[in-house]
Amino acid sequence: MSTHTFKVNGETVTVDVEDDVRMLWVLRDVLGITGPKYGCGINVCKACTSHVNGKAFNPCSVPVGAISESDEITTIEGLADGDTLHPMQEAWIDNDVAQCGYCQPGQIMAAVALVKRCEAEGRDIDDEALDEIRNICRCGTYNRIREAIKAGADNM
């Protein structure tokens, strides 16, 4: 086994696992962080979407060996500021987005990354930008998701 050190939700962690173990399993099974969900394991459904260094990534498709000590992983658990929900999380509640809720952590993390990227690029959160999110919602709440992203973006 190999030792891997990196940050997760602001805390430095060290894990002893083989280099080829996917980050999703490191997060869920080794570290007990269950916000990122297993949906497909092949980077299609994006239920596991989290952030690495502020950018969206899918831990089901990234081996722990690809994560360096300087990398910071943020999951849905690390998005809030203490007891204060992130504006995107608030928008999700206000817009009654969740139906079954399974995909919601990944949807929210993808939305936050999109808003930050669009802001850095000087782009608006319009339909074209929203079309860039490829996360799957089996319940089909896409219209509420889109409205929540626009509302959350206004408060970020």
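How much area do domain 1 and domain 2 bury between them? The figure is about 1,200 Å², with 65% of it on carbon and sulfur atoms. This is a predicted model. The protein is divided into domain 1, residues 2-78, and domain 2, residues 87-154.

**Where the domains meet**

- The C-alpha centres of domain 1 and domain 2 lie 21 Å apart.
- Domain 1 gives 16 residues to the contact, and domain 2 gives 13 residues.
- The size of an interface is often given as the accessible area lost when the parts come together.
- Here domain 1 and domain 2 bury about 1,200 Å².
- On the side of domain 1 that touches domain 2, six residues are nonpolar, eight are polar and two are charged.
- Five residue pairs are in polar contact between domain 1 and domain 2, counting pairs with both residues at pLDDT 80 or more.
- Zero salt bridges are found across this interface.

**Salt bridges**

- Side chains of opposite charge can pair when their charged atoms come close.
- The whole structure holds seven salt bridges.
- One of them joins arginine 117 to glutamate 132.
- Their closest N and O atoms are 3.0 Å apart, and the cut-off for a salt bridge is 4 Å, so this pair counts.
- The pair links distant parts of the chain, with the two positions 15 residues apart in numbering.
- Arginine 117 sits in helix α3 (residues 104-121).
- Glutamate 132 sits in the loop between α4 (127-130) and α5 (142-155).

**Aromatic pair**

- How many aromatic pairs does the rule count? It counts one.
- The partners are tryptophan 25 and tyrosine 38, with ring centres 5.1 Å apart.
- Their planes are 40 degrees apart, so the pair counts as tilted, a class lying between stacked (under 30) and edge-to-face (over 60).
- Tryptophan 25 belongs to helix α1 (residues 23-30).
- Tyrosine 38 lies in the loop between α1 and β3 (50-52), 13 residues from tryptophan 25 along the chain.

**Valine 62 and its contacts**

- Valine 62 is in the loop between β4 (55-57) and β5 (72-74).
- Beyond its neighbours within four places in sequence, valine 62 is in contact with Val21, Arg22, Met23, Phe57 and Ile67.
- Leucine 24 is 38 residues from valine 62 along the chain, yet their C-alpha atoms are separated by 8.0 Å.

Conventions. Residues are numbered from 1 along each chain as its sequence is written. This is a predicted model: local features need pLDDT of at least 70, side-chain atom pairs count only at pLDDT 80 or more; totals for chains, interfaces and linings use all residues. Side-chain values use heavy atoms; hydrogens and water are left out. Domain bounds come from an automatic or database domain assignment. Contact means heavy atoms within 4.5 Å. Buried area is the accessible area (1.4 Å probe) that two parts lose on being put together, summed over both. A salt bridge is a side-chain nitrogen of Lys or Arg within 4 Å of a carboxyl oxygen of Asp or Glu. A polar contact is a pair of N or O atoms within 3.5 Å; within protein, one must be able to donate a hydrogen and the other to accept it, and residues adjacent in sequence count only if both atoms are side-chain atoms. Ala, Val, Leu, Ile, Met, Phe, Trp, Tyr, Cys and Pro count as nonpolar, Asp, Glu, Lys and Arg as charged, and the others, Gly among them, as polar. Rings of Phe, Tyr and Trp (its six-membered ring) pair if their centres lie within 6.5 Å; planes under 30 degrees apart count as stacked, over 60 as edge-to-face and the rest as tilted. Helices (H or I, at least four residues) and strands (E, at least two) are DSSP runs, numbered from the N terminus.
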